[in-house]
Amino acid sequence: MTRMVLLGPPGAGKGTQGQMLGQRLGIPQIATGDILRDAVARGTELGQKAKSYMDAGDLVPDEVMVEIIRERLQGNDAQDGYILDGFPRTVAQAEALDEMLEAIGQRLDQVVHIDVENEVLVERLSGRLICRDCAATYHVRFNPPSKDRVCDKCGGELYQREDDREDTVRSRLSVFTERTQPLVDYYQQQGIYRKVDGDRDPEAVLGEILRIIQAG
Ligand code: AP5
């Protein structure tokens, strides 16, 4: 069992690795971006609140995100561990998470930072395709589906995210540097921070993350 955070800039492969790790370890991948996109698609109050921030590549306010996670971590499936993908993204979110866990006598086991250069990230995001039904991730060149625009896993339609336009991607990268990068220091001080080179074959990245988890 592990309670881990996948940290990294947009396009680093958090979703890709989170899905593979979740299947391998039998624990949920909790992706705040997926939760928000689902709320936007369903037109809920949360979705209406989040949409303009997401379209601009900005962060949704901390208090909204902290409440989403507080509720999600109470789910039955999250009692034996989880992979947080996309949360925390600010020091305030990390502090709120620590408080939440401390209150129930728990703590994070690992924070794995998937590191990739900005120019590679822009190329990855501009070619990314996502399944509307199961959120599986593909890439037109690096990981194409067998059939054009059709998900191999569930047959759903593949689409390109609104925020994957190059100018929005560049804003998201700046937001990562300004708001999320400080988490490196935060988790280094806790002794649970590990960095992996994400510019390799996804299976190689997965292998390294699994070794980190096994090493405890
Ligand atoms: P979110 O959905 O979390 O987006 P993100 O962090 O920008 O990350 P991405 O999903 O773009 O990338 P990824 O690292 O998962 O990469 P992926 O595996 O898909 O958040 C979206 C928005 O929601 C935010 O901008 C914000 O507005 C809001 N939000 C979410 N959480 C929030 C929070 N906590 N606080 C406030 N706001 C929040 O891979 C990318 C592509 O590369 C794919 O095509 C994939 O196939 C390919 N690929 C992956 N790995 C490899 C590899 N090793 N080699 C080659 N290609 C690869």
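A compact globule of 216 residues would have a radius of gyration near 17 Å, and the protein chain agrees, with 16 Å. The model is a predicted one.

**Overall build**

The C-alpha trace of the protein chain spans about 45 × 40 × 35 Å along its principal axes. Its secondary structure consists of 9 helices and 8 strands. Half the chain is covered: 50% of the 216 residues count as buried. Contacts reach far along the sequence. Take those between residues at least 6 apart: 70% of them join residues at least 24 apart.

**Surface and charge**

The accessible surface of the protein chain is about 11,000 Å². Carbon and sulfur atoms account for 45% of that surface. The chain carries 27 positive and 37 negative charges. The mean positions of these two sets lie 3 Å apart.

**Strand S3 and its partners**

Strand S3 covers residues 82-85. Tyr 82 and Leu 84 point one way from the strand. Ile 83 and Asp 85 point the other way. All four of these residues are buried.

S3 pairs with strand S1 and also with strand S2. Both pairings are set out below.

| Strand paired with S3 | Residues | Sense | Bridges |
|---|---|---|---|
| S1 | residues 3-7 | parallel | 4 bridges |
| S2 | residues 29-31 | parallel | 3 bridges |

Individual residues show how the strands line up. On the S1 side, Met 4 stands opposite Ile 83 in S3. On the S2 side, Ile 30 has Leu 84 of S3 as its bridge partner. Ile 83 and Leu 84 point opposite ways from S3, and both are buried.

How values were computed:
Residues numbered from 1 in each chain as written. Predicted model: local features only at pLDDT ≥ 70, side-chain atom pairs only at ≥ 80, totals over all residues. Heavy atoms only, no water. Buried < 20%, exposed > 50% of the residue type's maximum accessible area, 1.4 Å probe, protein only. Helix = DSSP H or I, 4+ residues; strand = E, 2+ residues; numbered from the N terminus. Pairing = 2+ DSSP bridges. Rg over C-alpha atoms; globule rule 2.2 N^0.38 Å. Contact = heavy atoms within 4.5 Å. Areas by Shrake-Rupley, 256 points an atom, 1.4 Å probe, with all protein chains shown as cover. Lys, Arg positive; Asp, Glu negative; His and termini not counted. Charge placed at Lys NZ, Arg CZ, Asp CG, Glu CD.
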